[in-house]
Amino acid sequence: MSNLIIMRHAKSDWSGNEPDFNRKLNKRGVLSCKIISENLKNKIIIPDLFIVSPAIRATLTHKKIFSVYYKNNYLTKITIFEKKLYEGSLIEIIQSLDKKCKGYKNVVVIGHNPLLNNLIYSISEKNHKKLPSNLVTCGTVIIKYPETIFNSNGFKNGEIVDYIFPKQFIESY
């Protein structure tokens, strides 16, 4: 089985006058990353590829959640920054993922809404009832595919196996 993990970036900081692309994480976003990092370890196999939006909030989410999984900067070696995750269309993203995921087994995609909401429904066929109507910040959807590794199939036969988000692990969130 191969797995595609779709994750929305953590909560960003709107307090400054930063352009949208340059916004960092706020305190709640940093806490969310810690919560998801701790709880995701038990739910997934360590990823062998990351496809991440180059927006600062997405790259920080990626580093804060997954840097504890790898040693000696290996994380950067298995990460592709995909600008289409920030400003592309759904069709462009699916085509890009189809090419970039080929040959890998466990891939994490980190990006933004509304694109990720549309993507999740487009690349999975089973268990949509597990999905939210809106993927919350740091929300993570795990989709399994029957292939041992990804091939160019357009992600037609995915099954949603889990949806985790920070609030389900902490009451005072």
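What follows is a walk through the fold, from the sheet to the helices and then to two single residues. Keep in mind that this is a predicted model.

Let's start with the sheet. It is open, has six strands in the order β3-β2-β4-β1-β5-β6, and mixes its pairing senses. At the edges sit β3 (79-81) and β6, each of which pairs on one side only. Going from one strand to the next, the twist averages 20 degrees. As background, strands of a sheet pair through backbone hydrogen bonds, in either a parallel or an antiparallel sense.

Both senses turn up here. For the parallel one, look at strand β2 (residues 49-52) and strand β4 (residues 106-111), which are joined by four bridges. If you want an anchor point for that pair, take Phe 50, whose bridge partner in β4 is Val 108.

For the antiparallel sense, move along to β5. Strand β1 (residues 2-8) runs antiparallel to β5, and six bridges join the two. Within this pairing, Leu 4 stands opposite Ile 143 of β5. β5 also pairs with strand β6 (residues 159-164), again in the antiparallel sense, over five bridges. There, Ile 142 has Asp 162 of β6 opposite it.

How enclosed is strand β5 by the rest of the structure? Largely so, because five of the six residues of β5 (residues 140-145) are buried. A residue goes down as buried when its relative accessible area is under 20%.

Now for the helices. Two packed helices are described by the angle between their axes and the distance between the axes. Helix α1 (residues 27-40) packs against helix α2 (residues 56-66) at an angle of about 45 degrees, and their axes are 8 Å apart. That makes α1 and α2 oblique to each other, since angles of 35 to 65 degrees fall outside the roughly parallel and roughly perpendicular ranges. The crossing of α1 past α2 is right-handed. On the α1 side, the contact is made by Val 30, Cys 33, Ile 36, Ser 37 and Leu 40, while α2 brings in Thr 61, Lys 64, Ile 65 and Phe 66. Sorted by class, this contact of α1 with α2 holds six nonpolar, two polar and one charged residues.

Lys 64 deserves a second look. It belongs to helix α2 and is partly exposed, with a relative accessible area of 41%. Leaving aside residues up to four places away in sequence, Lys 64 touches Leu 25, Val 30, Cys 33 and Ser 37. Take Val 30: it is 34 residues from Lys 64 along the chain, yet the two C-alpha atoms are separated by 7.5 Å.

Next comes helix α6 (residues 115-122), where Leu 115, Leu 116, Asn 117, Leu 119 and Ile 120 are buried. What covers them? For the buried residues of α6, the cover includes β1, α4 (84-87), α5 (90-100), β4, β5 and β6. So strands and helices both figure in that list, including the β5 strand discussed above.

Finally, follow the chain on from α6 to the loop before β5, where you'll find Thr 137. Is Thr 137 buried or exposed? It is buried, at a relative accessible area of 11%. Its contacts, again not counting residues up to four places away in sequence, are Arg 8, His 9, Ala 10, Lys 11, Arg 28 and Pro 166.

Key: Residues are numbered from 1 along each chain as its sequence is written. This is a predicted model: local features need pLDDT of at least 70, side-chain atom pairs count only at pLDDT 80 or more; totals for chains, interfaces and linings use all residues. Side-chain values use heavy atoms; hydrogens and water are left out. Buried means under 20% relative accessible area, exposed over 50%, partly exposed in between (1.4 Å probe, protein chains only). Two strands pair if DSSP finds at least two bridges between them. Axes are lines fitted to C-alpha atoms, for helices over the stretch in contact, and angles run from 0 to 180 degrees between N-to-C directions. Angles under 35 degrees count as roughly parallel, over 145 as roughly antiparallel, 65 to 115 as roughly perpendicular and the rest as oblique. A crossing is left-handed if the near helix is turned anticlockwise from the far one by less than a right angle, and right-handed if clockwise. Contact means heavy atoms within 4.5 Å. Ala, Val, Leu, Ile, Met, Phe, Trp, Tyr, Cys and Pro count as nonpolar, Asp, Glu, Lys and Arg as charged, and the others, Gly among them, as polar.
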